[in-house]
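Please find below some comments on the ligand site, arranged as numbered points and meant to be read with the structure open.

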Amino acid sequence: MSDIDIPEDHPRYESLLTRHRIEDGVDKGITSRQGLIAQGRGETFDYLLGERTIPSAAAAERAAAAYLLLAEHPVLSVNGNVAALVPGELVELAEATGADLEVNLFNRTEARMQAIVDHLREHGADEVKGLTADGRIPGLSHERAKVDSDGIGDADVVLVPLEDGDRAEALAAMGKVELVVDLNPMSRSAQSATVPIVDNIVRAVPNITRHARELATSSREELQRIVDEFDRDEALAAAEQAIREGGED
Ligand code: PTJ
């Protein structure tokens, strides 16, 4: 049994554990209540995908690792759902790729910003950006436009998991390479991504880290080859087909 009293052989163990983390995130002031709705939406797509990393998502995760290793200034954007689900895993990915961590919220409040920064530090992060908020993403109104000018503002490659479509499109318009993790291949964020990763964040982040470690000693030419060979339209079409037809093995 785990600390949340779910037998590990329960057929929906992983899914129930994930739900518990989101609930816990809300209780701790990390995750917004809207985050509960977003999680439910994600679960639907994950169920249809067979709660597994489909081959096209595995290829996207390898391409994402190559992009992060090639980047001059990679940044991993963290929201309330991601902080609740994979805090330690994000710290490991940041370490494996030399990326910065930056908190960037759709429903931004100073209390939630600080709670997430503290939570990431408890999970081993040294520096967490996002509190300075001295930069803006052009074309976006509201709080979600706020970024650190030496963080996302300066980044050439940004990992944006579970993003809302507006900000994803605005970041793409700024010319940044955008690596999006989203279980819905038809979402505006997945559609505007340089690399759409149609996988659950709880599987995607550890997978990208594993690829980054494997590729750590690869030449820039080899990393560039992985990036060039990745076809985003093919990946989106394969994910949509897997959802509609239950295919892709
Ligand atoms: O913490 P904040 O204030 O920044 O708010 C974060 C949420 C997620 C609430 C906000 O960005 C939001 O409302 O997002 P949406 O518009 O609901 O989009 C979330 C997308 O992520 C949807 O397409 C979901 O299918 C997808 N999703 C949800 N859970 C997961 C997921 N994708 C991957 N892994 C998940 N666990």
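1. In this model, which is predicted, a backbone N or O atom of Leu183 lies 3.2 Å from a nitrogen atom of the ligand. Taken alone, the ligand exposes 740 Å², and the protein buries 93% of that area.

2. Two side chains approach ligand oxygen atoms: a polar side-chain atom of Arg112 lies 2.5 Å from one oxygen atom of the ligand, while for Asp182 the distance from a polar side-chain atom to a ligand oxygen is 2.8 Å. Both residues also belong to the group that comes nearest to the ligand, a group completed by Gly80, Phe106 and Asn107, out of 23 residues around the ligand.

3. As to the site itself, the ligand sits in the largest pocket. Two elements give two or more residues to the shell around the ligand, namely helix H2, which covers 33-48, and helix H4, which covers 80-85. Of the contributing elements, H2 gives the most, with 7 residues.

4. In composition, the shell around the ligand divides into 10 polar, 8 nonpolar and 5 charged residues.

5. The UniProt record, an unreviewed entry, places the feature "binding site" at Arg19, Arg41, Asp182, Leu183, Asn184, Arg188, Ser189, Asn200 and Ile201. These positions are spread over 183 residues of sequence and are also spread in space, with up to 24.5 Å between C-alpha atoms. From this set, the lining of the largest pocket takes in Arg41, Asp182, Leu183, Asn184, Arg188, Ser189, Asn200 and Ile201.

6. Where in the fold is Arg19, another position that the record lists under "binding site"? Arg19 lies in helix H1, which is formed by residues 13-27.

7. Asp182 and Leu183 deserve to be read together, since the record names both under "binding site" and the lining of the largest pocket takes in both.

Note on methods
Residues are numbered from 1 along each chain as its sequence is written. This is a predicted model: local features need pLDDT of at least 70, side-chain atom pairs count only at pLDDT 80 or more; totals for chains, interfaces and linings use all residues. Side-chain values use heavy atoms; hydrogens and water are left out. A residue is near a molecule or strand if one of its heavy atoms lies within 4 Å of it. A polar contact is a pair of N or O atoms within 3.5 Å; within protein, one must be able to donate a hydrogen and the other to accept it, and residues adjacent in sequence count only if both atoms are side-chain atoms. Accessible areas come from the Shrake-Rupley method with a 1.4 Å probe; for residues, only the protein chains shown count as cover. On a 1 Å grid over the protein atoms alone, a cavity is a set of points where a 1.4 Å probe fits but cannot get out, and a pocket is an open set with protein on both sides within 12 Å along at least five of seven lines; lining residues have an atom within 4 Å of a point. A molecule sits in a cavity or pocket if more than half of its atoms lie within 2 Å of its grid points. Helices (H or I, at least four residues) and strands (E, at least two) are DSSP runs, numbered from the N terminus. Ala, Val, Leu, Ile, Met, Phe, Trp, Tyr, Cys and Pro count as nonpolar, Asp, Glu, Lys and Arg as charged, and the others, Gly among them, as polar. UniProt positions are given in the numbering used here, feature names are shortened, and annotations may be inferred rather than shown by experiment.
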